[in-house]
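Good morning, and thank you for joining this meeting. Please take a moment to look at the sequence and the structure before I begin.

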Amino acid sequence: MKLVGLTAALFTGVAHSAFPGSPVADFEWMAWKSAHGFNFPTRQEEAKRFSIFNNNRQFVAAHNARAATGVESYTVGMNKYAAMEHSEFETMYLSNVRDYNQKQIVLEYQCPNNFVSDGSVAPSAVSYVAGETSTGDVRVTSVKDQGSCGSCWTFGTGAAIEGALCAAGVKDCNTWTGVSTQQFVDCASYTPQTSATDPNVIDLNPYDNHGCSGGFQANNLRYTALNGGVMNWDDYPYVSGTTQTEGAECLYDASKKVQSNTDCGSPAANDEAQLVEAVAQKGVLTIAIDAGGIGFQLYSGGVYSSTTCSSTRLNHAVTLVGYGRYLDGQNYWEVKNSWGVGWGNAGYILIARDQGNMCGVATDTQYAIL
């Protein structure tokens with residue numbers, strides 16, 4: 001699924017500077033700006049953002065009041081996107097939707113390995129996140145922030161590869177920073193590509209990845225298989241979140257590569273029962289979802305469920321890291337996002353499971369094969 005996802009910080013600056021006539025008496029507003037490092041350039045912009053903030057604050061209060069009585073299954077909060085109208089949020093970050101029912105196979109690589117269960121009984125709950133697994137089988141690195149670049153597709157696939165490497169003992173996800181998503185942004189997009197270290201870079205144009213303008217997780221898994229390796233995050237650090245564009249050239253250095261996937265596999269589309277087995281038997285998967293909705297934008301905890309999100313019109317790549325049953329008995333999928341720890345529950349969201357493929361969690365999924 002070619003996805004852009006939520007990518008950019010709307011505002012810049014690190015300090016609050018009040019303008020005459022600005023809502024300086026609203027201490028919650030001032031605290032929010034300070035916590036998220038927002039400094040608005042004009043009095044008019046501050047007034048506009050305060051108005052949106054206040055509307056979202058009212059939405060949060062009303063939604064959480066319903067959640068307290070059990071009407072809603074999740075809570076929302078005034079996170080770093082609380083001064084954005086939802087229409088602005090969607091247009092700016094989630095408007096590049098692909099309809100799975102009209103999928104253009106020529107553009108997206110099809111993982112050739114169909115998942116086949118080994119027949120074992122899946123546990124009632126699985127989590128590969130540090131601190132949440134009783135077996136110590138940690139296959140997830142720290143939460144990242146893609147910033148001002150539509151590179152969610154690189155973070156989703158990167159996490160799937162990281163999960164496979166840590167499961168095999170090649171890396172330790174308790175301490176390892178992870179793979180270089182910047183390499184994917186720079187090297188797995190467009191054609192032709194040039195490289196400072198290897199002029200014979202593979203022509204990836206048929207796979208239709210476009211750097212900060214979106215891409216396909218399966219195509220990225222195909223790239224790493226063909227490339228024969230991926231560098232560490234620390235050796236090829238991520239900068240596109242700040243520069244808002246891919247690098248001028250591919251800087252992949254094969255001498256610093258870590259082992260990567262040789263191919264990829266997929267469970268059957270729309271089959272949540274098989275997806276449970278795939279998570280239990282294969283581990284971390286990259287998935288595509290519909291991340292639209294003001295509730296998703298401001299999600300803070302609980303099990304996310306929506307009557308409006310689509311299971312076919314998907315717009316964001318994330319990482320499936322587990323599943324389980326919530327305190328209220330609701331089955332859920334545990335999902336890692338790439339919007340930083342300032343969104344959701346420290347960068348994670350629980351999405352309802354066994355509710356008709358909620359938001360498309362089981363529509364377009366892949367795991368890495370070493």
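Which residue of E16 does threonine 286 stand opposite? The answer is glutamine 366. I should say at once that we are looking at a predicted model.

Let me stay with that strand. E16 covers residues 365–369, and four of these five residues are buried, so the strand is mostly covered, with buried meaning under 20% relative accessible area. Its pairing with strand E10, residues 285–289, is antiparallel and rests on two bridges. E16 also pairs with strand E9, residues 263–266. Here too the two strands run antiparallel, and three bridges join them. In this pairing, aspartate 263 is the residue that stands opposite isoleucine 369 of E16.

I turn next to a loop residue, serine 310. The loop in question lies between strand E11, 299–304, and strand E12, 313–314. Is serine 310 buried or exposed? Serine 310 counts as buried, because its relative accessibility is 18% and the limit for that class is under 20%. What does serine 310 touch, once residues up to four places away in sequence are set aside? The contacts are Asp290, Cys359 and Gly360. Within the loop, a polar atom of the serine 310 side chain lies 3.0 Å from the backbone nitrogen of threonine 312.

A helical residue comes next. Asparagine 55 belongs to helix H2, which spans residues 43–68. With a relative accessible area of 48%, asparagine 55 is classed as partly exposed, because exposed would require over 50%. Its C-alpha atom is separated by 9.1 Å from that of alanine 82, a residue 27 places away along the chain.

Finally, I come to the interior space. Rolling a probe the size of a water molecule over the atoms shows where empty space remains. How many cavities of 30 Å³ or more are there? The count is one, and the volume of the largest cavity is about 110 Å³. Its lining consists of 17 residues, and those nearest the centre are Lys144, Phe155, Ala159, Thr319 and Lys336. Helix H4, 152–167, and strand E13, 316–325, each contribute at least two lining residues. The largest share comes from H4, with six residues. By class, the lining comprises seven nonpolar, seven polar and three charged residues.

That concludes my presentation, and I welcome your questions.

Note on methods. Residues are numbered from 1 along each chain as its sequence is written. This is a predicted model: local features need pLDDT of at least 70, side-chain atom pairs count only at pLDDT 80 or more; totals for chains, interfaces and linings use all residues. Side-chain values use heavy atoms; hydrogens and water are left out. Buried means under 20% relative accessible area, exposed over 50%, partly exposed in between (1.4 Å probe, protein chains only). Helices (H or I, at least four residues) and strands (E, at least two) are DSSP runs, numbered from the N terminus. Two strands pair if DSSP finds at least two bridges between them. A polar contact is a pair of N or O atoms within 3.5 Å; within protein, one must be able to donate a hydrogen and the other to accept it, and residues adjacent in sequence count only if both atoms are side-chain atoms. Contact means heavy atoms within 4.5 Å. On a 1 Å grid over the protein atoms alone, a cavity is a set of points where a 1.4 Å probe fits but cannot get out, and a pocket is an open set with protein on both sides within 12 Å along at least five of seven lines; lining residues have an atom within 4 Å of a point. Grid points are joined across faces, edges and corners, and a volume is the space filled by probe spheres set on the points. Ala, Val, Leu, Ile, Met, Phe, Trp, Tyr, Cys and Pro count as nonpolar, Asp, Glu, Lys and Arg as charged, and the others, Gly among them, as polar.
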